Amino acid sequence: EYINYKKRIPITETFTPSDKEQELYEKVTEYLQRETNFALPAAQKHLMTSVLRKLLASSSYAISGTLESLIRRLKKLIDGKDLTVNEFIDEIDEDYELYDEDIEEWEEEEEEEEEEDILEDELSKEDILSIQNEITDLESFLLLANSIQHNVKGEKLKIALDKGFVKLNELGAQPKAIIFTESVRTQKYLYEELQKTNFKNKIVLFNGSNNDEKSKELYHNWVNDEKNREKVSGSRAVDIRAAIVDTFRDKNHQIMIATEAAAEGINLQFCSMVVNYDLPWNPQRIEQRIGRCHRYGQEHDVVVINFLNSRNETDQRVFQLLDQKFHLFSGVFGASDEVLGSITSGVDFEKSLTEIYKKCRTKEQITKAFDSLQEEFKEQIDSKVQKTQ
């Protein structure tokens, strides 16, 4: 009676990708299911496959930039030029900021810190032909991705935000939403799209570098504002985060579009809507995101918006597991630490999903694999839930 617990209120927005978007998904999926991909560093092939799938689900813009990196890597292999794995990973990391962290969590053993360069004279004629064919395939995927000017999920975001803000109004909460994406390129795309709406000039960006012009401007204004004198630490990394959060808190701003960099270490209890534009496969990361808003001190129920792809059976089963078994999106407490700790230790859950995406091609195979996965974790979930209760 003394602690007024707040609930999570889920809103699920279903979308149907365009034929071009679906074609891109199917072609890249087929490519990732091949036994041999010269473009993917052998030491991190499973992790890289997982990252590419996430970027593919994020937006055509996210996967487009990554395809360009893959093509560059293959062309350098044929030319016999130096391109270390670390250089290649740095390119991926510019868009998918969690790559370094994921490598540690997946605990993949690299053969060497830097993979030996593959020179032209070490490649057989068959290898060179295979690489050339792979380049042709990737270039066709890139052409298709670049031809997609509008992402259906991006259009649905505007509808979902309207629904969410109506709900916040009913709750008496401030009209503020944080939108999470796993891709910096998708973040830029969403910013440009929302700038065309009523949210123009009411948006802040938050990512690992915060080097965009808007963030630099707000940092400059914040540091030079007399009222922030005692808050300024002198560290740009610390102060720019504070500047962005303070600006978002201001009544003139309604939306923060953030990468995973905002999922830890910041308090957004003044915001009551979390939008998972991309849904991580790791339940702990989802819980961290929602925990920015659904936390002690929150005065209103928190609206949690997710997107569901009607043409993707695997994505639907992932969402079902996260929603119905982990209870991430509704209720008073969300997923308990006990349950998350037992299931996702060592990102086992995420690795299991990666295997399903890799091996399953038909609806029947997907259904069977997810039924098996659910059964595998059922006993752990149930026993941990009882213990936690």
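Contact here means that heavy atoms lie within 4.5 Å of each other. Keep that in mind for these close-ups, which all come from a predicted model.

**View 1. T354 sits buried in helix α14.** T354 belongs to α14, the helix formed by residues 348–359. With a relative accessibility of 3%, T354 counts as buried, because the cut-off for that word is under 20%. Which residues does T354 touch, leaving aside those up to four places away in sequence? They are H46, S50, W106 and W281.

**View 2. Helices α2 and α14 cross each other.** Two packed helices are described by the angle between their axes and the distance between the axes. Here, the axes of α2 (residues 45–58) and α14 come within 10 Å, and they cross at roughly 80°. That makes the two helices, α2 and α14, roughly perpendicular, since angles of 65 to 115 degrees earn that description. On the α2 side, the residues that meet α14 are H46, S50, R53 and K54. Their counterparts in α14 are E350, T354, E355, Y357 and K358. You have already met T354, which touches H46 and S50.

**View 3. Six strands line up in an open sheet.** Strands of a sheet pair through backbone hydrogen bonds, either parallel or antiparallel. In this open sheet of 6 strands the pairing is parallel, and the order reads β1-β6-β5-β2-β4-β3. Which strands stand at the edges? They are β1 (8–15) and β3 (203–206); each has a single partner strand, so one side of each is left without a neighbour in the sheet. From one strand to the next, the twist averages 20°.

**View 4. Strand β1 pairs with β6.** The partner of β1 is β6, made of residues 302–309, and the two pair in the parallel sense over 8 bridges. To find one of these links yourself, start at I11: its bridge partner in β6 is I305.

**View 5. Helix α8 lies across the sheet.** Helix α8 spans residues 184–194. It lies across β2 (177–180), β3 and β4 (255–258), and runs at about 155° to β4. Several α8 residues are buried, among them T186, Y189, L190 and L194. An α-helix has 3.6 residues a turn, so residues three or four places apart point the same way. At the N-terminal end, S183 caps α8, with a side-chain oxygen 3.2 Å from the backbone nitrogen of R185.

**View 6. N282 reaches the backbone of Q284.** N282 is in the loop that runs between β5 (273–276) and α11 (283–291). Is N282 buried or exposed? N282 is buried, with a relative accessible area of 3%. A polar atom of the N282 side chain lies 2.9 Å from the backbone nitrogen of Q284.

**View 7. R73 and F38 come together from separate places in the sequence.** R73 is part of helix α3, residues 60–79. R73 has a relative accessible area of 2% and is buried. Count along the chain and R73 and F38 are 35 residues apart; in space, their C-alpha atoms are 9.0 Å apart.

**View 8. Cysteines without a disulfide.** How many disulfides does the structure hold? The count is 0. For C293, the closest cysteine sulfur is in C271, and at 3.9 Å the two sulfurs are too far apart for a bond; a disulfide needs them within 2.5 Å. C293 is buried, with a relative accessible area of 0%. C360 is buried too, with a relative accessible area of 14%.

Conventions
Residues numbered from 1 in each chain as written. Predicted model: local features only at pLDDT ≥ 70, side-chain atom pairs only at ≥ 80, totals over all residues. Heavy atoms only, no water. Buried < 20%, exposed > 50% of the residue type's maximum accessible area, 1.4 Å probe, protein only. Helix = DSSP H or I, 4+ residues; strand = E, 2+ residues; numbered from the N terminus. Polar contact = N/O pair within 3.5 Å; in protein donor to acceptor, adjacent residues only side chain to side chain. Pairing = 2+ DSSP bridges. Axes fitted to C-alpha atoms, helices over the stretch in contact; angles between N-to-C directions. Parallel < 35°, antiparallel > 145°, perpendicular 65-115°, else oblique.
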